[in-house]
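Trainee: Hello! I am new to this structure and would love a guided tour. Could we look at it together?

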Amino acid sequence: MVLNNEDEVKRHVRFIDFWHHLRLRDQNRHPLRRFYASSPVVAEFLLISTVTFCFFTCESIIHYNIGKNGGLGKGFVFPSGKELGSLLGTMVAFSLGSTLTISGMKQW
């Protein structure tokens with residue numbers, strides 16, 4: 001971007017200052033940011049665990065369908081009852097294990 005005269009430069013600087021002010025004003029209002037600031041270790045642990053759990057759960061449901069139907073192109077079945085509990089329990093255990101491993105490696 002080429003600013004040709006002094007008025008354009010001043011308008012551009014005011015525009016940038018305005019958005020910078022809004023970003024700074026609102027950044028401490030977000031509840032997750034306040035929680036992270038008050039207890040970063042717990043917040044990071046929860047963040048890593050939740051993301052890992054979500055990805056592992058999606059992957060396990062895909063693998064469940066591959067095993068149940070012999071492939072993905074033959075329909076999608078969501079596990080029910082005991083099978084779902086077993087899958088979710090396994091995902092919680094491995095998500096926590098993954099999170100503890102990541103946290104331990106960061107400290108090492």
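Trainee: Which residue follows α3, and what is its phi near?

Mentor: Welcome, and keep in mind that this is a predicted model. Helix α3 covers residues 40–69. The residue that follows α3 has a positive phi, and the answer is Gly 70, with phi near 80°.

Trainee: How far apart are the end C-alpha atoms of helix α3, and what span should its 30 residues have?

Mentor: Let's work it out from the rise of 1.5 Å a residue. The expected span uses one less than the number of residues, so helix α3 should span 44 Å. That agrees with the model, where the end C-alpha atoms are 43 Å apart.

Trainee: Is Ser 95 buried or exposed?

Mentor: Ser 95 lies in helix α4, which takes in residues 81–107. A residue counts as buried when its relative accessible area is under 20%. The value for Ser 95 is 2%, so Ser 95 is buried.

Trainee: Which residues is Ser 95 in contact with, leaving aside its neighbours within four places in sequence?

Mentor: One good clue is a polar atom of the Ser 95 side chain, 3.2 Å from the backbone nitrogen of Phe 53. Ser 49 and Thr 52 are among the buried residues of α3, and both are in contact with Ser 95. The full list is Ser 49, Thr 52, Phe 53 and Phe 56.

Trainee: How many helices and strands does the protein chain have?

Mentor: Reading from the N terminus, the elements run α-α-α-α. The count is therefore 4 helices and 0 strands.

Technical notes
Residues are numbered from 1 along each chain as its sequence is written. This is a predicted model: local features need pLDDT of at least 70, side-chain atom pairs count only at pLDDT 80 or more; totals for chains, interfaces and linings use all residues. Side-chain values use heavy atoms; hydrogens and water are left out. Helices (H or I, at least four residues) and strands (E, at least two) are DSSP runs, numbered from the N terminus. Buried means under 20% relative accessible area, exposed over 50%, partly exposed in between (1.4 Å probe, protein chains only). A polar contact is a pair of N or O atoms within 3.5 Å; within protein, one must be able to donate a hydrogen and the other to accept it, and residues adjacent in sequence count only if both atoms are side-chain atoms. Contact means heavy atoms within 4.5 Å.
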